[in-house]
Amino acid sequence: MKAGPAPAVPPVRIDGASGTILLRTTRSVYVLRADSATGSVLHVHWGAVLPWADAVALPVWSEHDDSFAGRRDGVEEYPVDGGARFGVPALEVRFADGSSPLEPTVRDVVLEADDHVVVRLQDRTRPLAWELHYRVPAGGDVLERWTEFHHTGTAADGDILLLRHASAHWPLPQRPAWRLGSVHGAWSREGSLDRCALPVGETVLGSRRGHTGHHANPWATLDAGDADEEHGEVWTVALAASGSWRLTAQHTAAGRTGVVAGEGHEGHELRLAPGGTHRTAVSLALHTDRGFGGASRAFHHHLRTHVLPHPGELRPVLYNSWEATSFAVDEENQIALAKRAAALGAELFVLDDGWFRGRDDDRAGLGDWTPHPRRFPRGLRPLADEVHRLGMAFGLWVEPEMVNADSDLHRRHPDWVLHLPDRTATELRHQMVLDFSRPEVTDWALTWLRRVVADNAVDFLKWDFNRSFSEAGVPGPAPDARRVHVAHARGVHRVLDRLRARFPHLRIEACAGGGGRVDPAVLARTDQVWTSDNTDAVDRLAIQHGFSQLYPAGVMSAWVTDSPNPLTGRVVPLRFRFHSAMAGVLGIGGDLTRWTDAELAEAAHLVQLYKDIRPVVQQGIQFRLLAPGEGPLTSVQYLDASGERAVVLIWRTSPAFGTSCPPLRLRELAPEARYRDEATGREWSGATLTGFGMPLPELPRGDCASALVRLRRVDGRGRNT
Ligand code: DGJ
């Protein structure tokens, strides 16, 4: 008799007697306990898989009992402001009578679905209820949490202000010390990776800018200081939010650590009217015992499996005209570029900024989304048709959330911008932000976007956003005047969702002056992101390294532009520029009318090569072999899911005479398999490539040398065979 399939481990288990809930991911568990006696929902364990019987019996940590201690600080799943709690609250409110303290009681625990459990709480006497949602997406290590609030009272109770309304608090286990990993940066310097000791106190990462931000990204890793790229326990917490946000890593003097993740920065409030509800953004988190690389790969897998709209599609090689023609676009010069781009093998041509009425520079035009009459006297359709005739898809740049004072839209609707009547409206890049929390504004945006996409046979939009918020509020005595810091981004999400529903073929690139709005919520409704306005191929290695910590190469748009680089002046050989951009979604952004025939021929060859490795790079598993700045070489390996193909990119930004580079030890190749280097024909066993290392290919002399190695399994016994 054939044995049946092994009984599947349920993603959620509940023990009614103890109130214990166990969430089981592929390689870890998360245990909490809803304690109806105290009204607390207490954290028990997050990490290595434990037997169910132990999870139910494990004690909950408690602080030393004295009259100054917050007894459960650090171990509550959703700490509120109220009672003997002195840590960072996930929930803080102000009731209509001005009072704040909450007294939670546990109503019940509801299994909404096999993979989704809800702990329902309410205040002991006040009209506020909140639900803690936990979901275990199938087949990975990521957990999802969010919270829903309900004003359960009547008009007589008045409104409730949510002063802090986090998605989740993620308590961590006890370790002697903790290290916090995150990225910081600025415009054109996104993604600088930083790992430093977590001090006792509250360390806040966040954005007060109304968008995700270049300066930080909504995720953090925590480890006990003992993890490295491929080993050790790592916990990652992220937030799927595109407005202002805050991640507070708290390390208490009593030795508890956790991260509170939620939308809105300090001073941001949300008003809940009687009967009103609010659902927070989703916070995502994972535990792995496979180091920072393992954490990244688990996140990439989650984003591909559960977040991206079309994970199975390969992203096209695009050409974008921004660095070539800046605002001076016209039908003739764009067609000239399109012809050259098509000859190189580009599959998508994107017309960037400058195509619409009044847009001769960045001082005017935003808001008036009809073709520029002098530059495109026949409209955009002839260009789109020519691009299609050349065999490419047609893409168009838009910046729907912005307006220039010098535009008909602003003259018609000056009240649509984020502003306060008695404050100076700060202009940045000569533009102001349209309030996308207002339905009349998002309706207007959807109407013209639909028209532009339909009239011009647009296949792809580059959706840009080029300034942070200022004077963001609602005129008048609204108590939650700063809600736009969150509500605007949600309005943007709604427009994107509706646009995609109307045009299922449309693909979208998210951009905010480069990587100023990259987050899991944006990735749920776009197909790729413009990583940075810095296209210097050397700087990009560090930016891409930071990007890869959470986001996969298959969404990381990277262009080859001119040398010297227009931003940094650095001279970089074409091959290195290509190899740097081939680590993600390859695009070309140089002025092709000035490239020599030899450069065009080399570029065409490299585009062809990219198309060959594209499935492995965009959809494979990524290993950061050597990080930028840590030695003479930087290297990344990609492995396709079947284990048949591996791609290795190696960069050396400057020669270090006299230093020798050890063989490059590759990851996760089958030890018994044989792999052939597709360029040289040399063969090595998987055991050699991972154990001894891959002998380094010869790199050209001088600065900015690079190599691409393609390995293919040749023993005919791949994982799928
Ligand atoms: C910022 C983007 O990141 C650039 O690529 C370009 O589209 C400009 N905006 C256009 O204004």
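Reader: What makes α10 largely enclosed by the rest of the structure?

Author: In this predicted model, 10 of the 12 residues of α10 are buried, so the helix is largely enclosed. Buried means under 20% relative accessible area, exposed over 50%, partly exposed in between (1.4 Å probe, protein chains only). Among the buried residues are R540, L541, I543 and F547.

Reader: Why is α10 called a helix?

Author: Helices are DSSP runs (H or I, at least four residues), numbered from the N terminus. α10 covers residues 537-548, which is 12 residues. The expected span is 1.5 Å times one less than the number of residues. α10 reaches 16 Å from its first C-alpha to its last, close to the 16 Å expected.

Reader: What makes the pair at the start of α10, D536 and V538, a polar contact?

Author: A polar contact is a pair of N or O atoms within 3.5 Å; within protein, one must be able to donate a hydrogen and the other to accept it, and residues adjacent in sequence count only if both atoms are side-chain atoms. A side-chain oxygen of D536 comes within 2.7 Å of the backbone nitrogen of V538.

Reader: Which residues are closest to the ligand?

Author: D352, D353, K462, D464 and D533, out of 14 that surround the ligand. A polar side-chain atom of D353 sits 2.6 Å from a ligand oxygen. For K462 the distance to a ligand oxygen is 2.7 Å.

Author: Residues are numbered from 1 along each chain as its sequence is written. Local features need pLDDT of at least 70, side-chain atom pairs 80 or more, while totals for chains, interfaces and linings use all residues; side-chain values use heavy atoms, without hydrogens and water.

Conventions
Near = heavy atom within 4 Å. Helix = DSSP H or I, 4+ residues; strand = E, 2+ residues; numbered from the N terminus.
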